[in-house]
Structures are given as structure tokens and as C-alpha cells.
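This briefing covers how some helices of one protein chain pack, how two charged side chains pair, and what lines a pocket. Look over the sequence and the model before reading on.

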Amino acid sequence: MTTKFERQGAILRLVQQHPLHTQAEVAEALRAHGIDAVQATVSRDIAQLGLTKVRNGDGKLVYALPGAADLRRLDALGSAVRRWMGETTTSGTLLVVQTPRGFAAALADALDAAALPEIAGTIAGDNTVFVACADRTTPAELDAELRSHL
């Protein structure tokens, strides 16, 4: 029987060595290395390890290890999104985000500081942020990514 520590260590090694896109792929890779784990367990492990998804060279999202600075930026982004992100609308390659009056600049700053590969840049007004999507990212995908931080 494999311990949680051993399983999580294996996950860390696997995401460094292989482009794993989904929790199911992580679970399958674990099984290929003789470690039994169901998707729910893998999901908890991924959250506890703080794994993030980044775009690889092919533009596909894969699991990756966060650095300490990455964790701080993502924590700040999560906090900003929870406090200031309101209704969203998609328009072409833009995600238009409503905020409470006076907080658009703060949200745009947090989005820029997070350095998400899905975001090309932001423009803030008083209560609206225009978020330009990076190539290969749709506004709907970006909206889902930001809402995952709620």
C-alpha cells in the first residue's frame, strides 16, 4: 500500500516529466507506476500540492509545479477576483468584467500581476475592465479560469 506522501511525491515527479492535461491522466500515470488512486484522491492531492495549469509549448494546458512567487500572485488574484469581479460579458477576443465603482484598476492590476498565460493585457476604467485574451484562449475559457479562483 502506498502512503499519501509517496503518492504525492509520485505526482510531483510525473507532472515534471510528462504533459498531463487532466486528473484522469494523472490517475492513469500513477496506475502505470503501480500506485492505485481514484480521481477524487488525485483531485485532493493536486489541490494540496498547489499544482497549477500552464500552457506548454503546444499551447495546451498541463499541470505544473508552482513557485513561491507564483503562489503569492495566485493568492492575490483569488482575493481580488472574490472581492471585485462582478458580471462578465464576452466580446470578440475580450472579456469585459464589471466591478464595483472605483475598483476596476485594482482588479486589472491583480490580473496583470498574476501573469496568467491566458491574458494578453488589461485596460481599466472606473467600474469596467477589458481583458484581452492571449492567442488560443477564448473569452469564455478565460472567464471560467477566473471564476475558478472564486
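In this predicted model, helix α1 (residues 4-17) packs against helix α3 (residues 39-49) at an angle of about 75 degrees. The axes of α1 and α3 are 10 Å apart. Angles of 65 to 115 degrees count as roughly perpendicular, so α1 is roughly perpendicular to α3.

**Contact of α1 with α3**

- On the α1 side, the contact is made by Lys4, Arg7, Gln8, Ile11 and Leu12.
- On the α3 side, Thr41, Asp45, Gln48 and Leu49 take part.
- Sorted by class, the contact of α1 with α3 has 3 nonpolar, 3 polar and 3 charged residues.

**Salt bridges**

- The structure holds 3 salt bridges.
- One of the salt bridges joins Arg7 and Asp45, with the closest N and O atoms 2.5 Å apart.
- Arg7 belongs to helix α1 and Asp45 to helix α3, so this pair ties together parts that are 38 residues apart in sequence.
- In general, side chains of opposite charge can pair when their charged atoms come close.

**Contact of α1 with α2**

- Helix α2 (residues 23-32) packs with α1 at an angle of about 110 degrees, and their axes are 10 Å apart.
- The helices α1 and α2 are therefore roughly perpendicular to each other.
- Arg7, Ala10, Ile11 and Leu14 of α1 meet Val26, Ala29 and Leu30 of α2.
- The contact of α1 with α2 has 6 nonpolar residues, no polar residues and 1 charged residue.
- Arg7 and Ile11 are among the α1 residues listed here, and Arg7 and Ile11 are also among those in the contact with α3.

**Contact of α2 with α3**

- The angle between α2 and α3 is about 105 degrees, with their axes 9 Å apart.
- It follows that α2 and α3 are roughly perpendicular to each other, therefore, as a pair.
- Gln23, Val26, Ala27 and Leu30 from α2 meet Gln39, Val42, Ser43 and Ile46 from α3.
- By class, there are 5 nonpolar, 3 polar and no charged residues in the contact of α2 with α3.
- Val26 and Leu30 of α2 appear in this contact, and Val26 and Leu30 also appear in the contact with α1.

**The largest pocket**

- The largest pocket has a volume of about 570 Å³.
- Its lining consists of 27 residues.
- Leu51, Thr52, Lys53, Leu74 and His149 are the lining residues that lie nearest the centre of the largest pocket.
- At least two lining residues come from each of α3, β1 (52-55), β2 (61-64) and α4 (68-84).
- Which element gives the most to the lining of the largest pocket? The answer is α4, with 7 residues.
- By class, the lining of the largest pocket divides into 14 nonpolar, 6 polar and 7 charged residues.
- Helix α3 thus has two entries in this briefing: α3 packs with α1, and α3 supplies residues to the lining of the largest pocket.

**The whole chain**

- The protein chain has 6 helices and 6 strands.
- Along the sequence, the pattern of the protein chain is α-α-α-β-β-α-β-β-α-β-β-α.
- Taken along the principal axes, the C-alpha atoms of the protein chain fill a box of roughly 55 × 25 × 25 Å.

Key
Residues numbered from 1 in each chain as written. Predicted model: local features only at pLDDT ≥ 70, side-chain atom pairs only at ≥ 80, totals over all residues. Heavy atoms only, no water. Axes fitted to C-alpha atoms, helices over the stretch in contact; angles between N-to-C directions. Helix = DSSP H or I, 4+ residues; strand = E, 2+ residues; numbered from the N terminus. Parallel < 35°, antiparallel > 145°, perpendicular 65-115°, else oblique. Contact = heavy atoms within 4.5 Å. Nonpolar A, V, L, I, M, F, W, Y, C, P; charged D, E, K, R; others polar. 1 Å grid on protein atoms, 1.4 Å probe; cavity = no way out; pocket = protein on both sides within 12 Å on 5 of 7 lines; lining within 4 Å. Points joined across faces, edges and corners; volume = space filled by probe spheres on them. Salt bridge = Lys/Arg side-chain N within 4 Å of Asp/Glu carboxyl O.
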